Number of protein chains: 2
Amino acid sequence: MSRPSEYTRNNILKAAVALFAERGYDGTSIRAIVSKARVNQAAINYHFKGKEGLYFEVLKVAFEGYLRFDNFDPERLKDMSREEALRSFVYQQLRPLLARDQMIRYIRIFAWENVRPSKVLTNFVKTGAMPFLASATELVRRFLPPGTSDQDAMCTAISLMGQCSVFVRNREQFTKPPFNLKIDEAFVARLSDFISELALKGMARQL
Amino acid sequence: MSRPSEYTRNNILKAAVALFAERGYDGTSIRAIVSKARVNQAAINYHFKGKEGLYFEVLKVAFEGYLRFDNFDPERLKDMSREEALRSFVYQQLRPLLARDQMIRYIRIFAWENVRPSKVLTNFVKTGAMPFLASATELVRRFLPPGTSDQDAMCTAISLMGQCSVFVRNREQFTKPPFNLKIDEAFVARLSDFISELALKGMARQL
DNA sequence: GCTGAATTCAAACGCTTGTTTGAATTTTGA
DNA sequence: TCAAAATTCAAACAAGCGTTTGAATTCAGC
């Protein structure tokens, strides 16, 4: 595979990421992609076997890009005190608030995937989400009473993640009137402190 | 307007709710709707002026249906003790977990709206969400220290709502393996207790 | 029953969609 | 340099899309 054809391929991918993020799969046409990528229409079938193949490649690229950004390592949490681990986990969950450019597009693509799951990669994306939840469950167990049921621990973990994801999910809205949140590193740091402190106290049943 | 034509109109609406919920606006064709509704294609333009008009009517119907289901009354919270009010609010936020049939479709339509906001009704839906957040902010202020900034109070309220909405949003997923949550009235009641207790303790800075 | 309005109908319309085709061009490796 | 493979190209293809059209049918009110 030569460099010129790699340019073609990457241009298509880049254009597709942008358009799929903005309009979703059904709302994005092949002609819009090739126009944006400045390539010939047949190239999509040649390089990706068609629209669907392109979409799956985009999902794969988005997923891998997200993992690189996220740099999540569940093992590191285990070496921290439970308070540190909690804070670190919350910060990790809120980090996407600081995402820029391509990473924002990846996050938007996952939002589309949430309402319109694609069959083949459904497990792929879910597999990606599972470490978070497993890690969160393990983490909250360090705070909860020893006899806490699996379901209760999991619901605690889910609600902890929900405290963070609501900000990430509605980020665009919260930066506009009437909210006007200024989302920068300082805000994310303060919010991480805030949420982990709420959670810490909330789970402090018997200290 | 006569009864036979009302049947036509309602059949279209009902079919459209189902299909827009399942496939979104772009993924749903006029032909699929009229086939499901067993009406003639021109009826959509006659009754709703076209696909877009039908979609807006569907949004309107969904919104009104949701409000009827929700039966939210911010004033009632004010007459309760703050603990009662908190529990009541959380339960209210989790009630959609018990939604059935048509209400589930309405909720799915709002999920689509979240990733693909339609221009005209964006304010309409947001206006609907605002009472929740304003009410939640007012509620958490009853727990927070008197000098808490508006932004901090609002972030507390958002995180409270996030604890609830994560369950509603991912309800389908949580009822399947590996989660297998059995979501019934009892579960919702227990979860309401659980989340409001977590929140209550989390906000208990100076009692 | 009659007339005008409302509603439904079948099909056409003009455009868009993703895939395919075969030729042209570029790249690769001997 | 040459031949084969890879890649790109322009255009065609078949199907689908939402809107429109004008006729047919039904409804409503006198």
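Colleague: What makes helix 9 of chain A together with helix 11 of chain B stand out in the lining of the second largest cavity?

Modeller: In this predicted model, each of them supplies at least two residues of that lining. Helix 11 of chain B gives the largest share, four residues.

Colleague: Which residues line the second largest cavity?

Modeller: From chain A, Gln151(A), Asp152(A) and Cys155(A). From chain B, Phe187(B), Arg190(B), Leu191(B) and Phe194(B). A lining residue needs an atom within 4 Å of a cavity point, so these residues count as lining.

Colleague: Why is Cys155(A) put with the nonpolar residues there?

Modeller: Cys is on the nonpolar list, so Cys155(A) counts as nonpolar. Asp and Arg are on the charged list, so Asp152(A) and Arg190(B) count as charged. The division is four nonpolar, one polar and two charged.

Colleague: Why is this space called a cavity and not a pocket?

Modeller: A 1.4 Å probe fits in a cavity but cannot get out, whereas a pocket is an open set. The volume of the second largest cavity is about 70 Å³.

Colleague: How many cavities of 30 Å³ or more does the structure hold?

Modeller: Six. The largest has a volume of about 150 Å³.

Colleague: Which residues are closest to the centre of the largest cavity?

Modeller: Of its 17 lining residues, Gln163(A), Leu198(A), Gln163(B), Leu198(B) and Ala199(B). Helix 9 (150-169) and helix 11 (185-202) of chain A, with helix 9 (150-169) and helix 11 (185-202) of chain B, are the elements that give two or more residues to the lining.

Colleague: What is the class make-up of the largest cavity's lining?

Modeller: Nine nonpolar, eight polar and no charged residues.

Note on methods:
Residues are numbered from 1 along each chain as its sequence is written. Chains are lettered from A and ligands numbered from 1 in the order in which they are written. This is a predicted model: local features need pLDDT of at least 70, side-chain atom pairs count only at pLDDT 80 or more; totals for chains, interfaces and linings use all residues. Side-chain values use heavy atoms; hydrogens and water are left out. On a 1 Å grid over the protein atoms alone, a cavity is a set of points where a 1.4 Å probe fits but cannot get out, and a pocket is an open set with protein on both sides within 12 Å along at least five of seven lines; lining residues have an atom within 4 Å of a point. Grid points are joined across faces, edges and corners, and a volume is the space filled by probe spheres set on the points.
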